[in-house]
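Visitor: Please take a close look at one part of this model, the way its strands and helices are put together. I would like to see residues and numbers rather than a general impression.

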Amino acid sequence: MSERTLELLAPCHFGLEAVLKREIQDLGYEISQVEDGRVSFWGDAAAVCRANIFLRTAERVLIKVGSFRAVTFEELFQETKAVAWEKWIPPEGKFWVKKAGSVKSRLFSPTDIQSIMKKAMVERMKKAYGMEVVPETGSSFPLRVFLYKDQVTVGLDTTGESLHKRGYRKLASKAPIEETLAAALILLTPWKRDRILVDPFCGSGTFPIEAAMIAANMAPGTNRSFIAEGWGGLISRKYWYQAMDEAASRQNLEVSVDIQGYDADGDIVKAARANAEAAGVGQLIHFQRRPVGELSHPKKYGFLITNPPYGERMEEKSGLPAIYTQLGQRYQALDAWSAYIITAYEDVEKYMGRKADKNRKIYNGMMKAYFYQFMGPKPPRRKADNASG
């Protein structure tokens, strides 16, 4: 299969397609299409492995196996049956439509779409392999199906558990931010590893951990497995080994950084520290129990990147003005810092004491949130410093 060019689909958080597109291009692959919540690109069997291991902001990696129009269940059945499933799934493979999503399409019942497509696949597999019964005793081949304006796109899921499950978060705080979303938001900022980064509401440590992994060039898929590792006939194991070797050769845990995570709850700080150790970046982050009212840093030009409480429950909302007022006061006391805040709370600018330079709508799961960007001045160019010295 290594010679075969595949179209790969990478779903992501709505509003962050541009970040994922840049990541895919940095891996050396050509983009075929950018849609809401999804980026498609061209690659081969090795690209499947590299994309799963290296992409920080994708939710999963799918191989596009078919695309067709269907407005009736009969059409869906016949078109699904026409896909050459035997090219992808071995005789003993276990297969099912794990998820079906439908937008602006006449066929919209996920369970009906799933069962009709499964029946059609069974018919095709029985005929292609000359079997009376499809055994489904082998490796798993889950499918994901998207219907948009009656166009059906079928993807074979190479990832399994979503890519946001890096394998390091054993302990979660009350409302953790997904790892893929945290990484995308960091990549949206101009932060680089030579700049200070502080998260004053670090919770389970996701922002500091993802920042440390970016700084150390650590591939996010290093500590987990993928469902397609069992697809020997489709993707040779050597491609997985090669991608892991590449990840190991790129990594640099000796990097010098100033990344800090604070939280008012000591138990949560302990959990964040344990998560950072599990991720292999514990030595790169300083975690501390510290309420937001005590936020300070002596140096200039740092970054606050944080996910403060937004009071999803009514009883929590009353405490928000005090929290954001403190955050605003402490931010203004920092010298020439930038602040990047993701929250669903709408009075952020009022309490931060200034209007955001940029504001971007982001969906955190199903919840609409905003990424407020308060830009500080850029540090002077180092060359200029040396010249004046």
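Guide: Two strands are said to pair if DSSP finds at least two bridges between them. The model is a predicted one, and the pairing of strands is a convenient place to start.

Strand β13 (residues 358–364) and strand β14 (residues 367–374) meet that criterion with seven bridges, in the antiparallel sense. Within this pair, Lys358 has Gln373 of β14 opposite it. The two strands form a hairpin with two residues between them. In the turn, Gly365 has a positive phi of about 70 degrees.

A positive phi also turns up in residues that are not glycine. One of them is Tyr301, with a value of about 65 degrees. Tyr301 sits in the loop between β10 (285–289) and β11 (303–306). With a relative accessible area of 19%, Tyr301 counts as buried, because the cut-off is under 20%. Ala336 is another such residue, with phi near 65 degrees. The loop that holds Ala336 runs between α10 (320–333) and β12 (338–343). Ala336 is buried as well, at a relative accessible area of 17%.

Now to the sheet. Seven strands make up an open sheet of mixed pairing, and their order across it is β2-β3-β1-β4-β7-β6-β5. At the edges are β2 (30–35) and β5 (94–103), each of which pairs on one side only. From one strand to the next the twist averages 30 degrees. Inside the sheet, β1 (residues 6–11) and β3 (residues 38–43) run antiparallel and are joined by six bridges. One of the bridge partners can be named: Leu6 is matched with Gly43 in β3.

The edge strand β2 can be followed through one residue, Ile31. Ile31 is buried, with a relative accessible area of 19%. Leaving out residues up to four places away in sequence, Ile31 touches Lys21, Ile24, Gln25, Val39, Ser40 and Phe41. Between the C-alpha atoms of Ile31 and Leu9 there are 9.9 Å, while along the chain these two are 22 residues apart.

Next comes helix α2, residues 45–54. At its start, a side-chain oxygen of Asp44 reaches to within 3.2 Å of the backbone nitrogen of Ala46. The helix is mostly covered, with 10 of its 10 residues buried. Among the buried residues of α2 are Val48, Arg50, Asn52 and Phe54. What do the buried residues of α2 pack against? Their partners are the strands β1, β3 and β4 (62–69), together with the helices α1 (17–26) and α7.

The contact with α7 can be described further. Two packed helices are described by the angle between their axes and the distance between the axes. For α2 and α7 (residues 237–250), the axes come within 9 Å and cross at roughly 40 degrees. That angle makes α2 oblique to α7, because values under 35 degrees would count as roughly parallel and those from 65 to 115 as roughly perpendicular. The crossing of α2 and α7 is right-handed. From α2, the contact is made by Ala45, Ala46, Cys49, Arg50, Asn52, Ile53 and Phe54. On the side of α7 the residues are Tyr239, Trp240, Ala243, Met244, Glu246, Ala247 and Arg250.

A further helix pair is α5 (residues 179–188) and α6, whose axes are 9 Å apart and pack at an angle of about 65 degrees. The crossing of α5 and α6 is right-handed. In α5, the residues that meet the other helix are Glu179, Ala182, Ala183, Leu185, Ile186 and Leu187. Their counterparts in α6 are Thr206, Phe207, Glu210, Ala211 and Ile214.

Glu210 deserves a separate look. This residue is found in α6, which spans residues 206–215. Is Glu210 buried or exposed? Glu210 is buried, because a relative accessible area of 0% is under 20%. The Glu210 side chain makes a polar contact of 3.0 Å with the side chain of Arg166. With neighbours within four places in sequence left aside, Glu210 is in contact with Arg166, Tyr168, Glu179, Ala182, Ala183 and Ile186. Among these, Glu179, Ala182, Ala183 and Ile186 are residues of α5 that take part in the packing against α6.

How values were computed:
Residues are numbered from 1 along each chain as its sequence is written. This is a predicted model: local features need pLDDT of at least 70, side-chain atom pairs count only at pLDDT 80 or more; totals for chains, interfaces and linings use all residues. Side-chain values use heavy atoms; hydrogens and water are left out. Helices (H or I, at least four residues) and strands (E, at least two) are DSSP runs, numbered from the N terminus. Axes are lines fitted to C-alpha atoms, for helices over the stretch in contact, and angles run from 0 to 180 degrees between N-to-C directions. Buried means under 20% relative accessible area, exposed over 50%, partly exposed in between (1.4 Å probe, protein chains only). A polar contact is a pair of N or O atoms within 3.5 Å; within protein, one must be able to donate a hydrogen and the other to accept it, and residues adjacent in sequence count only if both atoms are side-chain atoms. Contact means heavy atoms within 4.5 Å. Angles under 35 degrees count as roughly parallel, over 145 as roughly antiparallel, 65 to 115 as roughly perpendicular and the rest as oblique. A crossing is left-handed if the near helix is turned anticlockwise from the far one by less than a right angle, and right-handed if clockwise.
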